[in-house]
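Q: Please pick one part of this model and take me through it closely. After that, I would enjoy a connected tour of what lies elsewhere.

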Amino acid sequence: MPLMVERIEQGTVIDRVEAFAGIHVLEILKLVPPASLPAHEESKSDKAAKARSSTLKIDREHRIALVINVPSRHMGRKDILKIEGREIKPVEANKIALISPRARLNVIRGGKVVQKSDVKLPAKLEDIAACPNPSCISRLEREASIFTTEKGRLRCLYCERLFSTYELVV
Amino acid sequence: MADLISIRDLEKPTIEKLLESAQKMEKNLFTSHEKFQGKVAATLFFEPSTRTHLSFQTAAQRLGMSVVPYTHSNSSSVKGESLQDTLKIVDGYADALIIRHPAEGSARWAAEVCKHPVINAGDGGNQHPTQTLIDLYAIQKARGKIKGLNVSLIGDLAHARAMRSLLLALGMFGAKVKLIAPKGLEMSEAVVEEAREKFGAQIETSEQLDLAGADVAYVCRIQKERFSDPYQAAKLQASFRIMPELLKSAKDDMILMHPLPKIDEIPPEVDASPHAYYFQQAACGVPVRMAVLEYALREG
Ligand SMILES: [Zn+2]
């Protein structure tokens, strides 16, 4: 039996996400707190959770469905995300491409797909992610670094170290 | 005008030109270079490196340039806006900036901030491109070529930034490289792969200290400060010392190189050996850095 998830009227369906990468896509979109923090903070106090969310700019307003590890003709297995009331900015799409290079964005308006586009990892990633190297000058002088893709890995323009795409996001 | 930030930015013809011009500089070390007179080089050393600093200052002065040295030893203020401000101020004074800073990528970032050419004199664990050029120049000077030579890189290859850049450069110039490192201190696999892919470099690896067959043996020190166990570090260092007996197994014309300063990886009694080449290698620093300054300040 296929998993049933309700349709959305307005928002985005992100299809062809690499299996098990869906949760990281939600982190990229700041729709869930990063895995290093407890996702469900309401138990402590609403106030603390809200404060934490606002410093991380976590957006808790949307209804989200995350389908994990379902069969796919294209990919064998995949994740699917449905996010109500949220569209994806180009910068976010590039960042999603880091961990899910085959992802497809479907913009939904009035319950219909009005636009489809595949994410693409650009040859040069600018101001998308910080350099994971703590000794890198970009960590002191810039908000994010610049990376060039090199056989599926990314080299920081400044410290010249190579990173996996995952290291940049997670 | 051009920056010199990383060996990765340099194409082979550019390096060949630099080596050629270094040769001319060495021949005419004591003649005056009028076109550089009145030019000012600023040396910004945010971490101490006396040898490199002196070498750059000498190179600039041999070209007839004036030098504005800036040394900074107070690490607590080496951060944030003050660095950017310092760079901008000095950029307003000088025709070229020579920068050494512990943060990786600092030279490239400085080049973005400054209008005048920036020369990287070492950016933390990342690059020290003039050292690599000096190494190539010294090898070529001693052996007349680089292509086809058997070059062994020996020691703590995991931490020595000089060795990573040199491996790429040797790959580019078609030397056959043997990487000899104690277990756990091997050269980064990514750099080995890079040299193989970009240049088709011939690279073999070994854990056994052995000089047989080498035309060039390039030794770097075991960075003891990187070890949590000083006893283990001392043991490794002892097993990787270049002792006079070991040199007996070397080819007669093998040259022994070292970026200096050497601690105990090459004992002083080796200095008198005909293989010892590290002091001549160090002397190449001035002409090579003269060539680099000329490259940085060239018109157009
Ligand atoms: Zn970096």
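A: Happily: we start with one aromatic residue in chain A, then move on to cysteines, helices and domains.

A word on conventions comes before the details. This is a predicted model, in which local features need pLDDT of at least 70, side-chain atom pairs count only at pLDDT 80 or more, and totals for chains, interfaces and linings use all residues; side-chain values rest on heavy atoms, with hydrogens and water left out. Residues are numbered from 1 along each chain as its sequence is written, while chains are lettered from A and ligands numbered from 1 in the order in which they are written.

The residue to look at is A:Phe147, which lies in strand E7 of chain A. Strands (E, at least two residues) and helices (H or I, at least four) are DSSP runs numbered from the N terminus. With a relative accessibility of 1%, A:Phe147 counts as buried; that word means under 20% relative accessible area, with exposed over 50% and partly exposed in between, for a 1.4 Å probe and protein chains only.

What does A:Phe147 touch, leaving aside residues up to four places away in sequence? Its partners are A:Ala123, A:Lys124, A:Leu125, A:Ala129, A:Ala130, A:Cys131, A:Pro132, A:Leu154, A:Arg155, A:Cys156, A:Phe163 and A:Leu168. A contact here is heavy atoms within 4.5 Å. By contrast, the C-alpha atoms of A:Phe147 and A:Arg109, 38 residues apart along the chain, are separated by 34 Å.

One of those partners, A:Phe163, deserves a pause. Aromatic pairs are rings of Phe, Tyr and Trp (its six-membered ring) with centres within 6.5 Å; planes under 30 degrees apart are stacked, over 60 edge-to-face, and the rest tilted. By this rule there are three aromatic pairs over all chains. The ring centres of A:Phe147 and A:Phe163 are 6.4 Å apart and the planes stand at 85 degrees, so this pair is edge-to-face. The pair links distant parts of the chain, 16 residues apart: A:Phe147 in strand E7 (residues 146-150) of chain A and A:Phe163 in strand E9 (residues 162-163) of chain A. Both A:Phe147 and A:Phe163 are buried.

Now for the setting. Chain A has five helices and nine strands, running in the order β-α-α-β-β-α-β-β-β-α-β-β-β-α. Of its 170 residues, 44% count as buried. Among contacts in chain A between residues at least 6 apart in sequence, 55% join residues at least 24 apart.

Cysteines come next. Over all chains there are zero disulfides, a disulfide being a pair of cysteine sulfur atoms within 2.5 Å. B:Cys220 is in no disulfide, and the nearest cysteine sulfur, that of B:Cys284, is 19 Å away. B:Cys220 is buried at 6% relative accessible area, and A:Cys159 is buried at 2%.

Chain B also offers rings with a charge over them, meaning NZ of Lys or CZ of Arg within 6 Å of the ring centre and within 35 degrees of the ring normal. B:Lys12 lies over the face of B:Phe173, 5.3 Å from the ring centre. The charged end of B:Arg289 sits over B:Phe56, 4.7 Å from the centre of that ring.

B:Phe56 brings us to helix H2 of chain B, where the buried residues include B:Phe56, B:His53 and B:Gln57. Helix H2 (residues 50-62) of chain B has 13 residues and reaches 18 Å from first C-alpha to last, close to the 18 Å expected; the expected span is 1.5 Å times one less than the number of residues. The buried residues of H2(B) pack against several elements of chain B, among them strand E1 (40-45), helix H5 (129-143) and helix H11 (285-297). After H2(B) comes B:Gly64, with a positive phi near 90 degrees.

Helix H6 (residues 161-172) of chain B, with 12 residues, reaches 17 Å, close to the 16 Å expected. In H6(B), 12 of its 12 residues are buried. Just after H6(B), B:Gly174 takes a positive phi of about 80 degrees.

Finally, chain B is divided into domain 1 (7-127 + 285-297) and domain 2 (129-282), with bounds from an automatic or database domain assignment. Taken over C-alpha atoms, the two domain centres are 25 Å apart. Across the division, 27 residues of domain 1 are in contact with 22 residues of domain 2.
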